[in-house]
Amino acid sequence: IYAAAPAGDYDFDDYVPYRSDTLDHFSWSLLKLVLSEEPGNVIISPFSVKLALALLAEAAGNGSQTQRELYSTLTDIRQPDNLRGFYRKTLNVLKKENPYFTLNLESKLFTDVAVEPQQRYAAILHSYYQTDIERLDFTKGSESAYVINSWCNNVTHGRLTQLVNKGNVQNNILLMANVLYFNGLWRTPFNNTFEGVFFNTPKRQ
């Protein structure tokens, strides 16, 4: 992240997060679960997780128990009928070119060649969720891992070069991947910095 800011007014964001008086219980529960298992600093993207759940909900049978449970995690959408419109609008705004930052938010479904995705499902994912499906021969674990890692490397500008390995993909059926890359300017830059003791609690260095 660059420690500099453009001159003048930099309240330039088009995207305004959804605001509600009710808490997003799924995101908070996810964060608390991750923090309970990770002793260090953590950065997660609940939006990415819920996007993956939305893709699964689209694949579930209409009105099925599976689909209802997946929808129950997307409480900030309010109505399932709004799901596609919400993600189409949000992804278009988030991916809009901006001179002050670069944000790559990409999702992709990798399936084994033995699986033939329905054309309607593939069209819905492409049109509303900007997500494509790529078929790979998962019996060839090394080759499939190379394709997936190359895609990830491209999205993250070389920051993340190995998302999966041979063991992750060998003889699998489906792999859903979401990758996020951000590089931007500080809204409030650090004009004066210094080296000193850092405290992660009031008494612990």
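**Group meeting: helices around a three-stranded sheet**

Okay, let's start with a helix pair: α2 and α5 cross in the right-handed sense. Their axes are 10 Å apart, and the packing angle is about 150°. That is over 145 degrees, so α2 and α5 count as roughly antiparallel to each other. Who touches whom here? On the α2 side the contact uses Leu-51, Ala-54, Leu-55, Glu-58 and Ala-59, and α5 brings Tyr-121, Ile-124, Leu-125 and Tyr-129. Sort those by class and you get eight nonpolar residues, one charged and no polar.

Before I go on, a word on what you're looking at. This is a predicted model. The average pLDDT for the chain is 85, with 86% of the residues at 70 or above, that is, scoring at least 70. Please be careful with residues 1–10, where pLDDT stays under 50. The model does give that stretch 21 contacts beyond four places in sequence.

Right, the sheet. What is the strand order? Reading across, it goes β2-β1-β3, in an open sheet of three strands with mixed pairing. β2 and β3 are the edge strands, each pairing on one side only. From one strand to the next, the twist averages 25°.

Now the two pairings, one at a time. β1, residues 101–112, runs antiparallel to β3, residues 174–184, and there are 11 bridges between them. If you want a place to put your cursor, Phe-101 has Gly-184 in β3 as its bridge partner. On the other side, β1 pairs with β2, residues 131–136, in the parallel sense, over six bridges. Two spots to look at there: Lys-108 sits opposite Asp-132 in β2, and Asp-112 is bridged to Leu-136, also in β2.

So what lies on the sheet? Well, α2 comes back here. α2 lies across β1, β2 and β3, and its direction is at about 150° to β3. Helix α6, residues 141–155, packs on the sheet as well, touching β1, β2 and β3. Against β1, the direction of α6 makes about 165°.

Back to helix on helix. Besides α5, α2 also packs with α3. Here α2 covers residues 46–59 and α3 covers residues 65–72; their axes are 9 Å apart at an angle of about 160°. At that angle, α2 and α3 are therefore roughly antiparallel to each other. This crossing of α2 past α3 is left-handed, while the one with α5 was right-handed. The residues that meet are Leu-53, Leu-56 and Ala-57 from α2, with Gln-67, Leu-70 and Tyr-71 from α3. By class that contact has five nonpolar residues and one polar, with no charged ones.

Last pair: α4, residues 83–94, and α5, residues 119–129. Their axes come within 8 Å and cross at roughly 45°, so α4 and α5 are oblique to each other. From α4 you have Leu-83, Arg-84, Tyr-87, Arg-88 and Leu-91, and they meet Arg-120, Ile-124, Ser-127, Tyr-128 and Tyr-129 of α5. What is the class make-up of this contact? Six nonpolar, one polar and three charged residues.

One thing to check on screen: Ile-124 and Tyr-129 of α5. Both are in the contact with α4, and both are in the contact with α2.

To wrap up, keep α2 in view: α2 lies across β1, β2 and β3, packs with α3 at about 160°, and packs with α5 at about 150°. That's my bit, thanks.

Definitions and conventions
Residues are numbered from 1 along each chain as its sequence is written. This is a predicted model: local features need pLDDT of at least 70, side-chain atom pairs count only at pLDDT 80 or more; totals for chains, interfaces and linings use all residues. Side-chain values use heavy atoms; hydrogens and water are left out. pLDDT is the predictor's confidence in each residue, from 0 to 100. Contact means heavy atoms within 4.5 Å. Two strands pair if DSSP finds at least two bridges between them. Helices (H or I, at least four residues) and strands (E, at least two) are DSSP runs, numbered from the N terminus. Axes are lines fitted to C-alpha atoms, for helices over the stretch in contact, and angles run from 0 to 180 degrees between N-to-C directions. Angles under 35 degrees count as roughly parallel, over 145 as roughly antiparallel, 65 to 115 as roughly perpendicular and the rest as oblique. A crossing is left-handed if the near helix is turned anticlockwise from the far one by less than a right angle, and right-handed if clockwise. Ala, Val, Leu, Ile, Met, Phe, Trp, Tyr, Cys and Pro count as nonpolar, Asp, Glu, Lys and Arg as charged, and the others, Gly among them, as polar.
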